[in-house]
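Please load the model in a viewer and keep the selection panel open. The stops below go from one whole chain to its interior.

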Amino acid sequence: MNLKNLHIRTMLGVTMDIRSIVYQILFAVFFAIGSASFVWSQNGAGSAIALSDVKTLEELAQVGGQLFEGKGQCTQCHSLQGASSDKGPTLDGVGAKLTREFLHESLVKPDAYVYLDFTRVPPAPYAAPMPPTSLAEGEILAVIAYLQQSSGQPVSIELSELK
Amino acid sequence: MEGMAMGSGHRFVLGCVVVFVVLFSLPIGCTSKTDNAESQSNPLVMQGKELFTDYCIHCHGPSGIGDGFNAGNVDPGPRDLTDSETEDGEVGFMASLTNEKIYHEILSRDLLNPDEFEALQEAYLDAVMMEDEEAAKVAEAKLPMLVPPAMPTFKYTLSDAERWALVAYVRTLHKNDAPPVDVPSTVSTVRPTFPKRQAPSWEMAEDERIAIAESGKFIFIDKFNCNGCHVYKTGELGGVVGPDLRRSGERLNLDWTYQWISSPQAMKPDTKMPNLALSEDEAKAITLYLETLKLPATS
């Protein structure tokens, strides 16, 4: 439209490569600060509930969510509601899809039924096989509660099972 | 808590790795400005080729010759789409088809219940026996081309325009005299949509459940040929395009199964499983059949 602007745009084009590198460095720095503060906020205990203090199914699912992100290390391979990794299948909706018994089996005996990556031709196992979880039985129930709740399902665990 | 801190430590390391990857990969993206000069060929054919890769090569193979990784699991085997002429020089099956026939009677057909099909066939044969030419003509028009259900229909998965693009691509696989595919501009480019269905109640008497599951098994195999893509029973022919269903009864919740098989695309838009337009009763029957599939526990 106006000549001055056009001129500036061509100049921008010429210097694009340098500028983009600067942007990337800036971006990387912000990203690093962002993830560091995220990790920090996770560590600053704050709202973490202990499994032994759980009084409602709501809290059970919340503990499950903490274990899913933290000790269980599930987000290293799975995506669920924002957290993202494609080393394993997405777990969005998995609490509605899979039965409670099968979810339990998936965690303790993942090799009993291996779900393949169906986007590949032909379908093939994911590169990193799922390891049997090191979570304790009560913690596994909490993770199942979390998977069910985040799929909009009623939680099918009774608090009395936690003993 | 110790375990938790360790998890977060890992995340920090992961974060750093991501930062470096981002840092180093982007400049590459900026400098590689080469245009894809070859994409000059017919865009309709290109679109068809892409769809063929997503929905057809598992059976028909990347070149269309019928050697996809799943070819050995469907009966009859997938058609060789490169079939231009027969061994004795006659026009080959594929070359003999019109564009309209491929579009309407193969890619856009409705699957028939085996007994519906038999009834149509009988009406036709009766008319021929009675030498009633008029009636034979009427019956023949109703009788669709006999494409086995092992070849899924794509009428309920892809848009009209996408199915025409597939015809255009399939036409490049064999020699033929058909005119170039010309898609009218009025053709819909919107994929059919099937909103997520409300699952029915699963409460019922045991004998009713068994009877419905039995009818579900029948249509699973004979009408929809779900086993063209899924293993469902040890020792029976079953495809490997989708998950092994032999443990469905232990693995899947009934509501979820019902909703998935009624409208896979409503739950996962890019899934390769086609929508086969199951009625509510059919979806219910197949869900109850899948509920019966269990394997003895391995320890």
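**Chain B, then the cores**

Select chain B and colour by secondary structure: 13 helices and zero strands appear. Read from the N terminus, the order of elements is α-α-α-α-α-α-α-α-α-α-α-α-α. Bear in mind that this is a predicted model.

Stay on chain B and switch on a surface. Its accessible area comes to about 17100 Å², and carbon and sulfur atoms account for 57% of that area. Of the 299 residues in the chain, 42% are buried. For a contact map of chain B, count the contacts with a separation of 6 or more: 67% of them join residues 24 or more positions apart.

Next, show both chains and go to the largest nonpolar core, which has 54 residues. Select Phe68(A), Leu147(A), Phe220(B), Phe224(B) and Ile286(B), the members that touch the most other members. Which elements give two or more residues to this core? In chain A they are α2 (57–69), α4 (100–108) and α5 (137–150); in chain B they are α9 (206–223), α11 (254–262) and α13 (280–291). The most comes from α5(A), with eight residues. In soluble globular proteins, nonpolar side chains tend to be buried together.

Now centre on Phe224(B). What is Phe224(B) in contact with, leaving aside neighbours within four places in sequence? The list is Leu111(B), Pro149(B), Ile219(B), Leu276(B), Leu278(B), Glu282(B) and Ile286(B).

As a last stop, select Ile57(B), Leu81(B), Ala165(B) and Val170(B). These residues are among the members of a second, separate core of 29 residues.

Definitions and conventions. Residues are numbered from 1 along each chain as its sequence is written. Chains are lettered from A and ligands numbered from 1 in the order in which they are written. This is a predicted model: local features need pLDDT of at least 70, side-chain atom pairs count only at pLDDT 80 or more; totals for chains, interfaces and linings use all residues. Side-chain values use heavy atoms; hydrogens and water are left out. A nonpolar core is a set of buried Ala, Val, Leu, Ile, Met, Phe, Trp, Tyr and Cys residues joined through side-chain atoms within 4.5 Å. Buried means under 20% relative accessible area, exposed over 50%, partly exposed in between (1.4 Å probe, protein chains only). Helices (H or I, at least four residues) and strands (E, at least two) are DSSP runs, numbered from the N terminus. Contact means heavy atoms within 4.5 Å. Accessible areas come from the Shrake-Rupley method with a 1.4 Å probe; for residues, only the protein chains shown count as cover.
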